[in-house]
Amino acid sequence: MTPVLPELVSYLESLPEPHILFDRAYRILSANEAYRRQFSPQASVVGRTCHEVSHHFSVPCDQAGESCPLARARETGQRECVLHLHHTPRGEAYVNIELVPLRDPAGELAYFIEKMEPLQMAQSTPAVAGLIGRSAAFQQMLGLVARVAPSQASVLLLGESGTGKELVARAVHEASLRAARPLVVVDCASLTESLFESELFGHERGAFTGAHASKPGLVEAASGGTLFLDEVGDIPLTMQVKLLRLLENGTYRRVGSTELRRADLRVVSATHRDLDTMVADGRFREDLYYRLGTFPIHLPALRERPDDIALLARTLLERLTPGRTLALSAGALARLRRHAFPGNVRELRNVLERAALLTDGHTVDTPQIELALDTARRRPAAPPPARGRPANPEAATHPLREAERQALADRLATHTGSRAELAAQLGISERSLYRKLRALARPDHAPHPAGIPP
């Protein structure tokens with residue numbers, strides 16, 4: 001075995017994080033006390049290979065389908081970072097690895113020091129909370145989260161509805177230097193255009209009708225922490241420029257105030273919308289898009305990680321049925337794996353909750369899963385076609401839309417105020433009202449009632 005300098009061993013022992021030292025042949029030469037305590041309290045790892053200890057592999061990681069930091073360091077001669085699933089006394093766990101190569105007096109790579117930091121934000125086994133998965137797509141996403149979390153960069157989470165964007169945002173926050181401060185969630189889709197600015201930036205007393213006292217906004221609530229803007233694609237254009245100012249120079253004003261305030265926060269945003277198309281259509285500011293998307297992360301859909309369905313199903317059943325032991329039969333699991341899950345993990349959770357309610361014993365079988373999936377797909381039957389051609393063909397194919405138009409026409413017939421007042425009564429923006437009025441005035445509908453002032 002390669003001799004090790006005692007000064008190097010002494011240095012490793014002084015480090016609080018788990019560290020090991022190994023040579024070009026992957027043989028571990030030394031492991032400090034922090035490593036022994038966390039990863040191998042029962043037996044010494046000195047003399048064994050790193051890939052056998054960490055992964056139970058008989059060959060190096062890159063020959064077993066994993067990313068090997070040592071192989072990469074040999075090519076680059078530089079520090080390398082990877083995310084791995086490691087065997088620990090408590091089972092497999094995600095570990096962030098930072099490998100530093102050391103050269104001998106001749107300038108050749110002779111030693112490698114590896115620092116290991118367990119990742120608390122994700123699990124490879126059923127867990128009470130947090131991100132769950134072990135597929136390649138999941139690990140690729142998690143590796144990006146682990147890399148960006150300690151920085152101050154803005155993060156943009158892109159993915160379909162139900163992929164767990166808020167969980168990932170929480171993981172970014174909890175792995176950051178701001179973890180001790182608040183994570184404040186803003187549901188952009190639920191805020192009307194008139195409320196968005198007040199909720200985000202706060203307002204002063206008397207700023208508008210009903211503002212009887214000053215109120216801090218969500219930006220102030222997130223001071224020192226992380227502001228998570230969920231469904232950022234739904235932010236009105238008029239508000240996007242004010243959000244851009246916050247991101248560019250960290251300043252904002254409360255509604256009704258001229259005082260410039262400063263914000264100390266990190267912004268994580270998420271959307272299921274195609275922001276590139278929205279930018280091209282003029283519905284989303286390009287400069288804001290680049291500010292939010294400093295570090296974009298794609299969240300894989302469930303159909304992109306079918307290997308995780310079994311693990312997710314076990315985890316969700318444990319969460320949904322506390323105090324009750326439920327397992328999936330092989331047939332039930334196979335049926336779940338064949339389903340496309342357009343609603344992703346959220347849909348999987350709902351299907352399992354229905355299946356659990358349909359199960360009397362301790363095993364959820366294929367019939368229960370089939371029934372739960374069938375319930376999820378059920379749609380109301382279409383009304384029988386009317387004889388002859390309907391006066392308004394769209395009324396037959398879109399009854400809800402026609403009912404909305406009729407309700408708007410009835411309201412217009414009795415409204416005597418301005419367009420802004422009508423929009424406020426309906427709880428929509430003036431722009432939305434204008435679009436609805438134009439649709440109502442199309443030739444295939446009844447004539448527009450008497451116009452209303454803007």
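A residue counts as buried under 20% relative accessible area, as exposed over 50%, and as partly exposed in between. With that in hand, let's walk through this predicted model, beginning at Asn249. This residue is found in helix α9, and because its relative accessibility is 41%, Asn249 counts as partly exposed. Asn249 also has a partner to look at across the chain: Ala263 is 14 residues away in sequence, and the two C-alpha atoms are 9.0 Å apart in space.

Staying with α9, which covers residues 237-249, we can turn to helix α7, residues 193-201: the axes of the two helices come within 10 Å and cross at roughly 15 degrees. Angles under 35 degrees count as roughly parallel, and α7 and α9 are therefore roughly parallel to each other. The crossing in which α7 passes α9 is left-handed. On the α7 side, the contact is made by Glu193, Phe196, Glu197, Leu200 and Phe201, while α9 brings Thr238, Met239, Lys242, Leu243 and Leu246. Sorted by class, this contact of α7 with α9 has six nonpolar residues, three charged ones and one polar one.

Next, have a look at helix α5, which spans residues 136-148. Its 13 residues reach 19 Å from the first C-alpha to the last, close to the 18 Å expected at 1.5 Å a residue. Which residues of α5 are buried? They are Phe138, Gln139, Met141, Leu142, Val145, Ala146 and Val148. A general point helps in reading such a list: an α-helix has 3.6 residues a turn, so residues three or four places apart point the same way.

Conventions: Residues are numbered from 1 along each chain as its sequence is written. This is a predicted model: local features need pLDDT of at least 70, side-chain atom pairs count only at pLDDT 80 or more; totals for chains, interfaces and linings use all residues. Side-chain values use heavy atoms; hydrogens and water are left out. Axes are lines fitted to C-alpha atoms, for helices over the stretch in contact, and angles run from 0 to 180 degrees between N-to-C directions. Helices (H or I, at least four residues) and strands (E, at least two) are DSSP runs, numbered from the N terminus. Angles under 35 degrees count as roughly parallel, over 145 as roughly antiparallel, 65 to 115 as roughly perpendicular and the rest as oblique. A crossing is left-handed if the near helix is turned anticlockwise from the far one by less than a right angle, and right-handed if clockwise. Contact means heavy atoms within 4.5 Å. Ala, Val, Leu, Ile, Met, Phe, Trp, Tyr, Cys and Pro count as nonpolar, Asp, Glu, Lys and Arg as charged, and the others, Gly among them, as polar. The expected span of a helix is 1.5 Å times one less than its number of residues. Buried means under 20% relative accessible area, exposed over 50%, partly exposed in between (1.4 Å probe, protein chains only).
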